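Thank you for making time this morning. I would like to walk through one protein with you, and I will begin once the sequence and the structure are on the screen.

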Amino acid sequence: MTAGDLRHNIAIFSPTRGENDAGETGIVWTYVRHQPAQVKPLRAWEVERARQVQTNRTHLIRVRYADDIAPDWRIEWDGRIFNITGIINPEERNIELEISCEEEGAAVTP
């Protein structure tokens with residue numbers, strides 16, 4: 001991976017238990033840091049759920065190695081939210097991480 005590959009600036013968030021703006025207790029996303037990354041779309045498909053069509057998109061996000069990113073975290077980039085579905089440390093060399101994500105999408109009524 002070269003520096004030129006990391007042309008996207010992502011924000012990484014971890015879940016914590018706390019109160020949201022409405023005073024309700026639940027998961028609150030806590031900002032961890034910004035990090036240079038490579039964001040690559042992999043595929044898209046549509047699923048019909050409860051009479052709504054939802055588009056699911058998967059992405060592969062590559063970043064320099066960090067030992068504190070967990071599978072229940074999420075990433076924000078360009079106004080979009082990506083839920084982490086898996087993390088791979090290629091060849092266990094601690095150089096980079098390949099993060100599989102599913103983009104949160106808005107459901108559209110047909």
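**Charged pairs, core and rings**

Let me start with one pair: the side chains of R80 and E103 meet in a salt bridge, with N to O at 2.8 Å. R80 lies in strand β5 and E103 in strand β6, so this pair ties together parts that are 23 residues apart in sequence. The two partners are covered to unlike degrees, since R80 counts as partly exposed at 25% relative accessibility, whereas E103 is buried, with a relative accessible area of 6%. Please keep in mind throughout that this is a predicted model.

A search of the whole structure finds five salt bridges, and I will take two others in turn. R33 forms a salt bridge with D68, where the closest N and O atoms are 2.9 Å apart. Because R33 lies in strand β2 and D68 in the loop between β3 and β4, the pair ties together parts that are 35 residues apart in sequence. D68 counts as partly exposed, at 33% relative accessibility.

R74 forms a salt bridge with E104, and here the closest N and O atoms are 3.8 Å apart, a distance that still counts because the cut-off for a salt bridge is 4 Å. R74 lies in strand β4 and E104 in the segment after β6, so the pair ties together parts that are 30 residues apart in sequence. R74 counts as buried at 12% relative accessibility, while E104 is partly exposed, with a relative accessible area of 40%. Salt bridges that share partners also join R74, E76 and E104 into one network.

Let me step back to the whole chain. The protein has zero helices and six strands, and its pattern along the sequence reads β-β-β-β-β-β. Of its 110 residues, 33% count as buried. Among contacts between residues at least 6 apart in sequence, 50% join residues at least 24 apart. The accessible surface comes to about 7100 Å², and 46% of that belongs to carbon and sulfur atoms.

Which residues touch the most other members of the largest nonpolar core? That core has 16 residues, and the ones in question are I10, I61, V63, I69, I75 and I99. Each of β1 (8-19), β2 (25-49), β3 (52-64), β4 (74-77), β5 (80-88) and β6 (96-103) supplies at least two residues of this core, and the largest share, three residues, comes from β6. As general background, nonpolar side chains in soluble globular proteins tend to be buried together.

I69 deserves a closer look. Leaving aside its neighbours within four places in sequence, I69 is in contact with I12, R33, Q35, V63, I84, I87, L97 and I99. One of these contacts, R33, is the residue that forms a salt bridge with D68, so you may wish to view that charged pair and I69 together on the screen.Turning to the aromatic rings, the count comes to two pairs. The rings of F13 and Y31 have their centres 5.8 Å apart and their planes at 70 degrees, so this pair is edge-to-face. F13 lies in strand β1 and Y31 in strand β2, so the pair ties together parts that are 18 residues apart in sequence. F13 is buried, with a relative accessible area of 13%, whereas Y31 counts as partly exposed at 44% relative accessibility. In the other pair, the rings of W77 and F82 have their centres 6.4 Å apart and their planes at 35 degrees, so the pair is tilted. Both W77 and F82 are buried.

There is also a buried polar residue to mention. Q38 is found in strand β2 and is buried, with a relative accessible area of 12%. Its side chain is joined to that of R62 by a polar contact of 2.7 Å. Leaving aside neighbours within four places in sequence, Q38 is in contact with D5, L6, H8, L60, I61 and R62, and I61 is among the core residues I listed earlier.

Finally, the backbone. Most residues other than glycine have a negative phi. Where, then, does E91 lie, with its positive phi near 55 degrees? E91 is found in the loop between β5 and β6, and E92, which lies in that loop too, has a positive phi of about 50 degrees. E91 counts as exposed at 68% relative accessibility, and E92 counts as exposed at 64%.

Definitions and conventions
Residues are numbered from 1 along each chain as its sequence is written. This is a predicted model: local features need pLDDT of at least 70, side-chain atom pairs count only at pLDDT 80 or more; totals for chains, interfaces and linings use all residues. Side-chain values use heavy atoms; hydrogens and water are left out. A nonpolar core is a set of buried Ala, Val, Leu, Ile, Met, Phe, Trp, Tyr and Cys residues joined through side-chain atoms within 4.5 Å. Buried means under 20% relative accessible area, exposed over 50%, partly exposed in between (1.4 Å probe, protein chains only). Helices (H or I, at least four residues) and strands (E, at least two) are DSSP runs, numbered from the N terminus. Contact means heavy atoms within 4.5 Å. Rings of Phe, Tyr and Trp (its six-membered ring) pair if their centres lie within 6.5 Å; planes under 30 degrees apart count as stacked, over 60 as edge-to-face and the rest as tilted. A polar contact is a pair of N or O atoms within 3.5 Å; within protein, one must be able to donate a hydrogen and the other to accept it, and residues adjacent in sequence count only if both atoms are side-chain atoms. Accessible areas come from the Shrake-Rupley method with a 1.4 Å probe; for residues, only the protein chains shown count as cover.
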